[in-house]
Amino acid sequence: MNPVELTITRPDDWHLHLRDGDMLHAVLPFTARQFARAIVMPNLQPPVTTVQQAQAYAARIAAALPPAMVEQGYSFQPLMTLYLTDQTPADEIHRAVDGDVVHAVKLYPAGATTHSDRGVTNLAHCTAALESMQRLGLPLCIHGEVTDSNVDVFDREAVFIDQVLIPLRHRFPELRIVFEHITTRHAADYVRDADGSIAATITPQHLLYNRNSIFRGGLRPHMYCLPVLKREEHRQALVAVATSGSPRFFLGTDSAPHERTTKESSCGCAGCFSAPVALELYAEAFEAVGALDRLEAFSSFYGPDFYRLPRNTSTVRLQKAEREVEAAFPCPGGSLVPLASGERLGWRFSGLV
Ligand code: DOR
Ligand code: ZN
């Protein structure tokens with residue numbers, strides 16, 4: 001029998017886009033309600049490339065938490081990342097490790113996704129930074145897709161493993177790596193079976209939907225993210241590893257807000273805004289395969305263990321309750337359409353216990 005409520009250690013989100021300015025203020029409360037901490041992506045414009053910029057961004061995030069939430073006992077700690085460029089010096093890695101604000105460095109292959117134009121053109125340019133990261137134990141978070149336009153968009157992750165990830169790990173066998181938002185059986189198998197210190201985050205959309213969802217009855221821009229949704233066999237492989245109890249796989253929503261009209265457009269932005277219903281969506285995915293008893297470790301234990309941070313001690317509750325996901329939420333200049341908007345879910349997040 002399924003429980004009518006689920007009480008788990010407060011989770012963290014190990015991959016999140018919070019944006020900046022008014023948009024940050026609009027989206028932060030959704031994440032801070034559910035998650036105690038989040039690995040915050042650095043793909044602002046301009047990107048967060050220095051520790052000093054990361055500290056300033058962390059302060060803006062802290063200031064954006066509504067006082068009413070603080071009064072209700074909600075705390076939120078942003079775990080900052082640096083955006084790796086062809087020019088990142090080893091000194092910047094040392095500064096990151098010497099402070100306690102930056103917890104990882106993010107590799108965006110140049111041109112792979114939103115605001116990745118300042119990303120890495122060739123990892124050969126990053127040897128000094130990667131050597132320091134390997135030596136000092138600072139994790140590298142990877143957007144794992146090749147950018148060659150001749151490679152089919154659905155194959156870019158699998159090709160990245162062979163052409164970039166395996167050679168990178170050969171050169172830096174001790175480098176701690178998080179393969180972000182994995183989407184394929186290839187990535188799930190690779191991370192499960194690899195030697196050394198590697199883990200992967202998995203989004204709710206890649207656990208719940210396959211690529212048919214993008215084209216159901218018409219073109220569905222709110223189902224479009226990068227890496228793009230894949231075939232059903234890949235979704236099933238991701239569910240299998242997420243619910244396997246392996247500590248190498250943990251929660252990372254990749255919640256990526258874009259104002260509605262920038263997605264419903266002739267050239268729509270990539271990104272699913274999952275923050276308002278993130279934990280509910282993971283609960284749906286785990287419940288569907290009878291694995292609710294493994295949700296807590298995936299959401300709340302394996303991430304901090306990999307990042308060498310303490311597990312949270314507070315708890316949150318989800319209740320078994322039918323609800324329809326909101327059509328949209330207000331944001332500066334328009335609205336945000338959440339992932340699963342208009343769909344019926346069987347769970348409702350009810351807050352801190
Ligand atoms: O769908 C995505 N949106 N994938 C990314 O890698 C970036 C993100 C964003 O920043 O909007
Ligand atoms: Zn992302």
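How many nonpolar, polar and charged residues make up the lining of the largest cavity? In this predicted model, the lining has five nonpolar, nine polar and three charged residues. The largest cavity holds about 120 Å³ of space. Its lining comprises 17 residues, and His17, Thr113, Leu226, Asp254 and Ala256 lie closest to the centre.

Two of these names lead directly to the metal site. The zinc ion (ligand 2) takes its protein donors from His15 (NE2), His17 (NE2) and Asp254 (OD), at 2.0 to 2.1 Å. Along the chain, the donor residues follow the spacing H-x1-H-x236-D. Histidine 15 and histidine 17 are both buried. His17 and Asp254 thus appear twice, as donors to the zinc ion and among the residues closest to the centre of the largest cavity.

Leu226, another residue close to that centre, also takes part in a backbone feature worth a look. The peptide bond from leucine 226 to proline 227 is cis, with omega near -5 degrees, and proline 227 sits in the loop between α8 (204-208) and α9. A cis bond is also found from glutamine 45 to proline 46, here with omega near 0 degrees. Proline 46 belongs to the loop between β3 (37-40) and α2 (51-63).

The structure holds two cavities of 30 Å³ or more. The second largest has a volume of about 50 Å³, and its lining includes His222, Ala256, Pro257, His258 and Lys263. Gly271, Cys272, Phe273, Leu336 and Val337 also line this cavity. By class, its lining contains six nonpolar residues, three polar and one charged. Ala256 is shared by the two linings, being among the residues closest to the centre of the largest cavity and also lining the second largest.

Turning to open space, the largest pocket offers about 260 Å³. Of the 15 residues that line it, Pro109, Thr121, Asn122, Leu123 and Val164 lie nearest its centre. Helix α6 gives the most to this lining, with four residues. Nine of the lining residues are nonpolar, three are polar and three are charged.

Helix α6 (156-171) also helps to cover the buried residues of α7, together with elements that include β7 (177-179), β8 (198-202), α9 (232-242) and β9 (249-251). In α7 (residues 185-193), the buried residues are Ala187, Ala188, Tyr190 and Val191. These four lie on the same side of α7 because they cover an arc of only 165 degrees around the axis.

Helix α11 (residues 278-288) is largely enclosed by the rest of the structure, since ten of its eleven residues are buried. Among the buried residues are Glu280, Glu284 and Glu287, alongside others such as Leu279, Tyr282 and Phe286. Just after α11, glycine 290 has a positive phi of about 65 degrees.

Positive phi values also occur at residues that are not glycine. Histidine 181, in the loop between β7 and α7, has a phi of about 35 degrees, and its 1% relative accessibility makes it buried. Alanine 340 has a phi of about 70 degrees and lies in the loop between β12 (334-336) and β13 (344-352). With 3% relative accessibility, alanine 340 is buried as well.

Glutamate 71, by contrast, counts as exposed because its relative accessibility is 71%, above the cut-off of 50%. Glutamate 71 is part of helix α3 (residues 67-71). Its C-alpha lies 15 Å from that of valine 353, although 282 residues separate the two in sequence.

Note on methods. Residues are numbered from 1 along each chain as its sequence is written. Chains are lettered from A and ligands numbered from 1 in the order in which they are written. This is a predicted model: local features need pLDDT of at least 70, side-chain atom pairs count only at pLDDT 80 or more; totals for chains, interfaces and linings use all residues. Side-chain values use heavy atoms; hydrogens and water are left out. Buried means under 20% relative accessible area, exposed over 50%, partly exposed in between (1.4 Å probe, protein chains only). Helices (H or I, at least four residues) and strands (E, at least two) are DSSP runs, numbered from the N terminus. The arc is that of the directions from the helix axis to the C-beta atoms. Contact means heavy atoms within 4.5 Å. Donors are N, O and S atoms within 2.8 Å of the metal (3.2 Å for Na, K and Ca); water is not among the atoms, so sites may look incomplete. On a 1 Å grid over the protein atoms alone, a cavity is a set of points where a 1.4 Å probe fits but cannot get out, and a pocket is an open set with protein on both sides within 12 Å along at least five of seven lines; lining residues have an atom within 4 Å of a point. Grid points are joined across faces, edges and corners, and a volume is the space filled by probe spheres set on the points. Ala, Val, Leu, Ile, Met, Phe, Trp, Tyr, Cys and Pro count as nonpolar, Asp, Glu, Lys and Arg as charged, and the others, Gly among them, as polar.
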